[in-house]
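Good morning, and thank you for the time on today's agenda. I should like to take you through one protein model, beginning with the whole and then turning to individual residues.

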Amino acid sequence: MSEKSKVEIEFPCEFPIKIMGKSNNEFELAVYSIIRKHVPDLAQNAISQRPSKNGNYMAITVTITAQNQDQLDNIYFDLTACEHVMMAL
């Protein structure tokens, strides 16, 4: 990717993170634990959940106030390393 086409994010900013996994308590607890590790002052209304059509999977969207790129990188690293997380966008 050339420098001209690289997207620059201005921090701090509101940043939604979408996380998908099997619909169970372990998935939800793991996601909340990872997010709170990196964003300890997360607002209650920052989290929304949506089950799949058959209820087997869950999509959790967490909107954080991202402080810098390192914070986002660390969140995504921890989420994708978690055995309960299938995907993080």
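Let me begin with burial: of the 89 residues in the protein, buried residues make up 33%. Please bear in mind throughout that this is a predicted model.

The accessible surface of the protein is about 6,200 Å², and carbon and sulfur atoms hold 51% of that area. Taken along the principal axes, the C-alpha atoms fill a box of roughly 45 × 30 × 20 Å. As for charge, the protein carries 8 positive and 11 negative side chains, and the centres of these two sets are 10 Å apart.

I turn now to the secondary structure. There are two helices and four strands, and along the sequence they follow the pattern β-α-β-β-α-β. Of the contacts with a separation of 6 or more, 69% are between residues 24 or more positions apart.

How do the strands pair? Strand β1, residues 13-22, runs antiparallel to strand β3, residues 57-66, and ten bridges connect the two. Within this pairing, C13 has A66 in β3 as its bridge partner, and I17 stands opposite V62 in β3. Strand β3 is also joined, again in the antiparallel sense, to strand β2, residues 47-51, through five bridges. Here R50 is the residue that stands opposite A59 in β3. Strand β1, for its part, pairs with β4 as well, antiparallel and over three bridges; M20 has M87 in β4 as its bridge partner.

Two details of the backbone deserve a moment. A general remark is useful beforehand: most residues other than glycine have a negative phi, and most peptide bonds are trans. In the hairpin formed by β2 and β3, five residues lie between the strands, and G55 adopts a positive phi near 80 degrees. The second detail is the peptide bond from F11 to P12, which is cis, with omega near -10 degrees. P12 belongs to the segment before β1.

Let us now consider the interior. The largest nonpolar core has 23 residues, and those that touch the most other members are I17, I19, I35, I64 and L79. The elements that contribute two or more residues to this core are β1, α1 (25-38), β3, α2 (69-81) and β4.

Which residues are in contact with I64, leaving aside its neighbours within four places in sequence? They are C13, E14, F15, I17, I35, V39, L42, Q71, L72 and I75.

I shall close with three individual residues, each from a strand.

The first is A88, in strand β4, which spans residues 85-88. Is A88 buried or exposed? Its relative accessibility is 15%, and the cut-off for burial is under 20%, so A88 counts as buried. Beyond four places in sequence, A88 touches K18, I19, Y76, L79 and T80. A88 also lies 10 Å from D78, C-alpha to C-alpha, with ten residues of sequence separation between the two.

The second is P16, located in strand β1. P16 has a relative accessible area of 49%; because the exposed class begins over 50%, P16 is classed as partly exposed. Its contacts, not counting residues up to four places away, are with T61, V62, T63, Y76 and L89. P16 and E28 are twelve residues apart along the chain, and their C-alpha atoms are separated by 17 Å.

The third is T61, in strand β3. Its relative accessible area is 21%, and burial requires a value under 20%, so T61 is partly exposed. With the same exclusion of residues up to four places away, T61 touches P16, I17, K18, A46, I47 and S48. As for distance, A46 is 15 residues from T61 in sequence and 8.0 Å from T61 in space, C-alpha to C-alpha.

To draw the picture together: β3 pairs with β1 over ten bridges and with β2 over five, while β1 pairs with β4 over three. Both helices, α1 and α2, are among the elements that give two or more residues to the largest nonpolar core. Thank you for your attention.

Notes
Residues numbered from 1 in each chain as written. Predicted model: local features only at pLDDT ≥ 70, side-chain atom pairs only at ≥ 80, totals over all residues. Heavy atoms only, no water. Buried < 20%, exposed > 50% of the residue type's maximum accessible area, 1.4 Å probe, protein only. Contact = heavy atoms within 4.5 Å. Areas by Shrake-Rupley, 256 points an atom, 1.4 Å probe, with all protein chains shown as cover. Lys, Arg positive; Asp, Glu negative; His and termini not counted. Charge placed at Lys NZ, Arg CZ, Asp CG, Glu CD. Pairing = 2+ DSSP bridges. Core = buried A, V, L, I, M, F, W, Y, C linked by side-chain atoms within 4.5 Å.
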